[in-house]
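The following exercises concern domain contacts, a chain interface and a sheet. Please work through each task before reading its solution.

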Amino acid sequence: MEEFTVATNATAIVSSKASIGLNVNIGDFTIIFDNVVIGDNVSIQSHCLIGQPTPLSNGEPLIIGNDSLIRSHSVFYEGSQFGSKLMTGHRVTVREKIEAGENLMIGTHCDLQGHTKIGDYVRLYTGAQINHASNIGDFVRIYHYSVLTNDPNPPSNIVLGVKVNKFAVIATMCCILPGIQIGENALVGAGSLVRKDVEPETVVAGVPAKYICRTSDIVLKDGSNQKAYPWMRHFHRGYPKEITDEWMSIYDN
Amino acid sequence: MEEFTVATNATAIVSSKASIGLNVNIGDFTIIFDNVVIGDNVSIQSHCLIGQPTPLSNGEPLIIGNDSLIRSHSVFYEGSQFGSKLMTGHRVTVREKIEAGENLMIGTHCDLQGHTKIGDYVRLYTGAQINHASNIGDFVRIYHYSVLTNDPNPPSNIVLGVKVNKFAVIATMCCILPGIQIGENALVGAGSLVRKDVEPETVVAGVPAKYICRTSDIVLKDGSNQKAYPWMRHFHRGYPKEITDEWMSIYDN
Amino acid sequence: MEEFTVATNATAIVSSKASIGLNVNIGDFTIIFDNVVIGDNVSIQSHCLIGQPTPLSNGEPLIIGNDSLIRSHSVFYEGSQFGSKLMTGHRVTVREKIEAGENLMIGTHCDLQGHTKIGDYVRLYTGAQINHASNIGDFVRIYHYSVLTNDPNPPSNIVLGVKVNKFAVIATMCCILPGIQIGENALVGAGSLVRKDVEPETVVAGVPAKYICRTSDIVLKDGSNQKAYPWMRHFHRGYPKEITDEWMSIYDN
């Protein structure tokens, strides 16, 4: 179907059964297993496992979209799919049955346990832990070491995933309890334990997290007196121009 | 003594001094050092270091029991021993002087600093941090990013390990202070900082953790009206039939 | 300039452009990139990436001082420099524009995001997360999973680094909010969320962290009735004799 023009470093081990796009670079000491579909212009760094077999995949392949970058020492199982422009840090772990949109960033040491739906332009920072049945909306940002849990009575057979609605922000070192919904455009302050649903456009913080204020009450800490939220007003780094242009048309009048 | 029938991938580096059982698989780019005893039917994935030398081992070997699975990028030092059916996630770090029973699960990114006693059927989830002098009883479960500390006056030369008694559960993102005892069948709620001993069969939570209720007061969040604890009533996944049969005979009348 | 006497394991990949000192050992499956200056008597374990290229380095090399030890699966980018006796755990990630003094210890899984100034004899334990614009003084100790943040309105373009002054101790699982100063010789108790500056020689703890007492009020939990702080009174492990002799001359009369 496609021409295979893979720049494979000499020490990489690449299955001949893997489907690999044009202009793909595969780093040293990386292993590409059989059940893998990699798009065009993808760079996979060294020491990775791509398409690790698992019976839990039901035979589904790992699909990596075009223009992606997977950094070193990462492990992706078969049975998940990622849109274009996936970008990872080092040593991420990604299990089966994840359906992710475009332009996902997965930070260093993130652990995605699988069975998760992820929208477009999501940002996960170092060590974020995403457990089964999580549902993460477009443009959500989850910071360092925050955890989406799923078992309300550990251990039990109950799986209540967390839902994080679009544009919501979960700051560093938060623990979100099972079945919780984080509303659109909400902000969970650093170090919070969230055990009640968070209303859209509100700020919660604390252990346990309590309502603090409306997001619109927060002013940027740069002396500008500008509103800090919705963050799309002022923060555009890493998003494509067609999207930030739209944000500017909404918020600049 | 034993026949050596090792399926070593071509790129693995295996010391001829290592003692390796029957039906062992060793992944690509993995290094097996000298002072190692690996049982039968063991699978070690790629990019691991097994039996990393250290003067702190006093010359003791690393012993891995039969039927074990060590996932990729893991590092085990010499000088610790594990019963049969050890199973690890990816990138675990395991230092010297650990004595662990059967059927231990060590999740991805766990860091076991050594000098620790671990019972049978213990479960450690992603990023759990087990420091020196910890003592973990049979069937204990410690969830994501929870830490057992040991230095009451950091930094000092005092080492007061945490003791977690059998069947106790420490939920996600807890910090257990030095010298604390967690009682049998107790539950520490997510995000807790524990600085007082926890009585058996009680639930504590918060920063600092306080008594919440008896574990027997908690009902499963699945509408069944069943008691959630002792969890052995209803949760059997990953435990062998002879054990869960015994639990059923205790709790089903 | 220097003689090159590198003990490179057969499977390592070492750029001929890298400058490598005398008596250097490079582990299996490790990659040394071009823009690297490694001192004498350095040991780099297996599966590492040393000098990973990045446009953010402005062409600056990675400099590793003499007598250093980098443990396995670690990733260092080009554009940072480390004094002599650097010692890392496994799987550390170190980005560009870090200027670090002598005798730095970086624990397993630490993530140093770059653009950070680090003094001499600093100790970072497992999973510590050091974000851009952090400033860490001499002899500072930061324990497991603690995070120095930098964005007061996530996400924003504001970068307010944390400053930790010399001899201060941040215990396990603390989150330090952007722009905070931790005073000299201060102690932040485990599990704290720090959102106000911490005065020198004081102890804070909690979520949010509050003043607890003077550090001089704390007595060692070993029955000795000795003061626990300044910790240099009684804790000397890992520091050179000329320094601990000086501490003893100050505190022993």
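**Exercise 1.** In this predicted model, determine how many residues of domain 1 of chain A are in contact with domain 2 of chain A, and classify those of domain 1.

*Solution.* Eight residues of domain 1 of chain A meet eight residues of domain 2 of chain A, a contact being counted when the C-beta atoms, placed from the backbone, lie within 7 Å. By class, the domain 1 side of this contact holds five nonpolar and three polar residues, with no charged residues. The bounds are 5–218 for domain 1 and 219–253 for domain 2. Taken over C-alpha atoms, the centres of the two domains of chain A are 25 Å apart.

**Exercise 2.** State how many residues chain A and chain B each bring to their contact, and divide the chain A side by class.

*Solution.* Chain A contributes 26 residues and chain B contributes 31 residues. On the chain A side, 15 are nonpolar, nine are polar and two are charged.

**Exercise 3.** Give the strand order of the open sheet in chain B, and explain why one side of strand S2 and of strand S29 of chain B has no neighbour in the sheet.

*Solution.* First, the order of the 10 strands in chain B is S2-S5-S8-S11-S14-S17-S20-S23-S26-S29, with parallel pairing. Second, strand S2 (13–14) and strand S29 (193–194) of chain B lie at the edges; each has a single partner strand, so one side of each lacks a neighbour in the sheet. Third, strand S26 (residues 175–176) of chain B is joined to S29(B) by two bridges, and these strands run parallel. Within S29(B), Val194(B) is the residue opposite Ile176(B).

Conventions
Residues are numbered from 1 along each chain as its sequence is written. Chains are lettered from A and ligands numbered from 1 in the order in which they are written. This is a predicted model: local features need pLDDT of at least 70, side-chain atom pairs count only at pLDDT 80 or more; totals for chains, interfaces and linings use all residues. Domain bounds come from an automatic or database domain assignment. Two residues are in contact if their C-beta atoms, placed from the backbone, lie within 7 Å. Ala, Val, Leu, Ile, Met, Phe, Trp, Tyr, Cys and Pro count as nonpolar, Asp, Glu, Lys and Arg as charged, and the others, Gly among them, as polar. Two strands pair if DSSP finds at least two bridges between them. Helices (H or I, at least four residues) and strands (E, at least two) are DSSP runs, numbered from the N terminus.
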